[in-house]
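Biologist: Could you teach me how to read the features of a structural model, one kind of feature at a time?

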Amino acid sequence: MDQADTALEGAKNGDMDGAPERVLGRPHVRIEGRAKVTGVALYASDRRVRSTAHAALVTSTIARGRIRSFDLAAAEAVPDLLGIFTHRDFAGAIAPVPHLMAGGYANSSHLPLGSDRVAYAGQIVALVVGRTPEAAARAAALVGVDYAPEPAAATFDDPGAETVRLADLKAHHEDIATGDPVAAWREAAARVQVRYTTPVQHHNPIELFTTCCAWEGDRLTVHEPSRYIGAVRHGLAAQLGLDPAQVQVVSGPIGGHFGSKFALAQYTAPVALAAKRLGCPVSLVPTRRQCFTIANHRPETRHDIRLSADRDGRFTGLVHAAEVVTSRFDPFAMEGADVTASLYACPAIRTEERAVRVDRNTPGPMRAPPEVPYLFALESAVDEMAWQLGLDPIELRRRNDTARDPVSGKPFSSRPLMACFDAGAAAFGWARRSSRPESRQVGTIRAGSWRVGLGCAASVRPVKIAAATMRLRLAADGTAEVACAHHEIGNGITTLLAMGAAEGLGVPLERVRVELGDTALPAAGLSGGSSTTTSLMSALALGCEQLRERLAREATAPDRPLAGRDPAGLRLAGGRLTAPGGGALPLAEAVALIDADGVEALAEFVPPGSAPDALDVLRRGHIGLTTGGDALKWAFGAQFAEVHVHAETGEIRVARLTGAFAAGRILNPLTARSQLLGGMIWGLGSALLEETVLDGAAYRNPDLAEYLVPTAMDTGAVEALLVPDPDETVNPLGVKGLGELGIIGVNAAIANAVYHATGRRIRTLPIRIEDML
């Protein structure tokens, strides 16, 4: 629908009578899209200031030990070299700050240039600066480092790996214990007891992990792609002994993060110090291979599931014991058994979550951090139970659907899980599915040499929301401005904010300007947890309401044009402030009653149920996501996969993916579907392709030549359906967020389809050809 059609439809809905024109809920292309596809958009990595020098990294070749000495003679002979910095230059100059999840600001508390200690392979051991990128890279390649290596633990069960209870590592974590799963297991008619494992995976955004630091006196400006510039600002200030007001962080459109670019990186402070000492701006653009260790990753996990059921297929007991790898020095470990424990009705549940500390860099969030591995385990086990009982996998889930959390007893604010399965099954053609594995014909597909299988799985994601502040300005000429320190990560929030302002302030969409990604703007929090839309759009709605109320009060005051009218009845639309039953004031005149230049509001949104200091937490650059309340607030989905496995070669092809998703009110169906489709394709990669291979405690395939991600050739037909989910209790706008929902459950649906096609149950990801032979 184009702009003219939108305006016409709005007129049909009564907009000409003063009702706000409906913009939200209709599809709209991204307003920043043209700039991106034509190369006009300036990413943080594109920003350069005058006389910028260029940095390159030297990273460790051992996983644990210490540095004995450096040989810098050859590097120092490189023309256009400006400086080489090691721990001997920066030790004591950079103060440590805790991990963001431990009340600090950093994605890792380890200081790579803080001492001669090496804590993991790929750790930064030197920073080289040259007048050109080529000079810096050549000198970095010539830096010699003599190490004293020590034995290192890489992963599960390695000598020296330390296993700790998650409850001992994270103060807020509690394992779940309700009912008696042991008795349930003993008395069960059907039992599934299995282990599932998922691999190390790395984010590979197209825009690398870069920074550019420039000083003007004692003020530092940092251009860096980050999904939490507030944490970068406050963390850098703490590291360098500055007042946060002396640090400005600018992050324009971000070329992807998917969970990475997380808080304060440990390369930013060294680059800032190098810029200070050299007296010129310094830019760092690391190599793709270095990005595997200077940033975060999804760690490997393993899950021991014990699921029991009665003869009718109703679950009687669930035990989910999970282990996840983390670093020696940070308390980061993503817990997820709270979600698997609450998904289905079950009277007896135990969860046991542990972290295994090894000599690798600290992991971090990766899209749907706990749900992707944890739901792979549970949804695979549910499929195994369905086959054991001879039940359709959807029917088994239906029999165990629940309106209340089996752990806390709290109701779900809405529970459209089975509505998603019903809608998805109808669109996918699930009814044609054979009831036995190793089926050679499904529906109209001619199998030939290909075995065809269908699988399904649930997708669920708790809703998160955070405090946010936002400045709105409405000018007499009918233009509006929205400003916030949040980030455009490619999810279309710029367009959503423009749409919301257009509807809330009654101005044309093309007359709205959105400014994001600068700590000089009103504070906003982390771009993560699918909380961007829920948080920012709530703040925007609050700001629009404040502006409307202010204009209405002024226009209806004594001796004003609309004196005596009820301010609450006035509507702002079509460039006019309109009263019911007649009487209107042009926008320019309404604004001029307050200020001829324009009227402004600063919205400070605090989610219901937040801590009293939510705004203070936000302004100090700490995490403030909220998930609590009197009800469980979740988004739901159902994933369906059709998989073809070649009978002779074992080649696996995903012919179709269908997902049906219920995520509250959908504000822009066009960008929502795009988000879901992208997530589903990434889920395909999670199932069949993505794995960072360990070689000792080092990564063997840290590049896009050998780290496999889905391409167009790997992707068959993909369809995302939006299932109605009216939920007025989840937040003021009824929005649940869906950026991460699309990836969850795809890996399990594909694995379940592989079993249906071949009779082979694969419990370790990724599924490869050799698993089929």
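Modeller: We shall go through strands, backbone angles, single residues, and then cavities and a pocket, bearing in mind throughout that this is a predicted model.

Biologist: Let me begin with sheets: in what order do the three strands of the open sheet lie, and in what sense do they pair?

Modeller: In a regular strand, the side chains alternate between the two faces of the sheet. Here the order is β4-β2-β6, and the pairing is antiparallel. Strands β4 (117–118) and β6 (144–149) each have a single partner strand and stand at the edges, so one side of each is left without a neighbour in the sheet. Between β2, which covers residues 65–71, and β4 there are two bridges in the antiparallel sense, and in this pairing Gly-65 is found opposite Val-118.

Biologist: In what sense does β11 pair with β10, and in what sense with β12?

Modeller: Strand β10 (residues 211–216) pairs with β11 (residues 219–223) in the antiparallel sense, over five bridges, and Cys-213 has Val-222 of β11 as its bridge partner. With β12 (residues 247–250), by contrast, β11 pairs in the parallel sense, over four bridges, and there Leu-220 has Val-247 as its bridge partner. The hairpin of β10 and β11 has two residues between the strands, and in that hairpin Gly-217 takes a positive phi near 70°.

Biologist: How should I read a positive phi in a residue that is not a glycine, and where does Ser-51, with such a value, lie?

Modeller: Most residues other than glycine have a negative phi, and most peptide bonds are trans. Ser-51, with a positive phi of about 60°, is placed in the loop between α2 and β1 (53–59), and with a relative accessibility of 59% this serine counts as exposed. Lys-261 also has a positive phi, near 50°, and belongs to the loop between β12 and α9 (268–278).

Biologist: Is Lys-261 buried or exposed?

Modeller: Lys-261 is buried, because its relative accessible area is 6% and the cut-off for that class is under 20%.

Biologist: Which peptide bond is cis, with omega near -5°?

Modeller: That is the bond from Leu-765 to Pro-766, and Pro-766 sits in the loop between α20 and α21. In that loop, which runs between α20 (746–758) and α21 (769–772), we also find Arg-763.

Biologist: With which residues is Arg-763 in contact, once its neighbours within four places in sequence are left aside?

Modeller: The list is Val-194, Arg-195, Tyr-196, Thr-197, Phe-376 and Glu-384. With Glu-384 there is a polar contact of 2.9 Å that joins the two side chains. Arg-763 is partly exposed, at a relative accessible area of 28%.

Biologist: For a second single residue, what surrounds Thr-340, and is this threonine buried or exposed?

Modeller: Thr-340 belongs to helix α11, which covers residues 337–342, and counts as buried because its relative accessibility is 2%. A polar atom of its side chain lies 3.1 Å from the backbone oxygen of Ala-337. Beyond its neighbours within four places in sequence, Thr-340 is in contact with Leu-318, His-320, Tyr-374, Leu-375 and Leu-378.

Biologist: Turning to empty space, how many cavities of 30 Å³ or more does a search of the whole structure find, and which residues lie nearest the centre of the largest cavity?

Modeller: The search finds nine such cavities. The largest cavity holds about 110 Å³ of space, and of its 14 lining residues, Ser-108, Tyr-120, Gln-266, Thr-293 and Ile-294 lie nearest the centre. By class, this lining has six nonpolar, eight polar and no charged residues. The second largest cavity, with about 80 Å³ of space, is lined by 13 residues, and closest to its centre are Arg-298, Pro-299, Val-324, Met-334 and Pro-369. The lining of this second cavity divides into ten nonpolar residues, two polar and one charged.

Biologist: And how is the second largest pocket lined?

Modeller: That pocket holds about 530 Å³ of space and has 22 lining residues, with Gly-252, Pro-253, Val-514, Glu-515 and Leu-516 nearest its centre. Two or more lining residues come from each of α2 (33–37) and β20 (512–515), and β20 gives the largest share, four residues. By class, the pocket lining divides into ten nonpolar, five polar and seven charged residues.

How values were computed: Residues numbered from 1 in each chain as written. Heavy atoms only, no water. Buried < 20%, exposed > 50% of the residue type's maximum accessible area, 1.4 Å probe, protein only. Polar contact = N/O pair within 3.5 Å; in protein donor to acceptor, adjacent residues only side chain to side chain. Contact = heavy atoms within 4.5 Å. 1 Å grid on protein atoms, 1.4 Å probe; cavity = no way out; pocket = protein on both sides within 12 Å on 5 of 7 lines; lining within 4 Å. Points joined across faces, edges and corners; volume = space filled by probe spheres on them. Nonpolar A, V, L, I, M, F, W, Y, C, P; charged D, E, K, R; others polar. Pairing = 2+ DSSP bridges.
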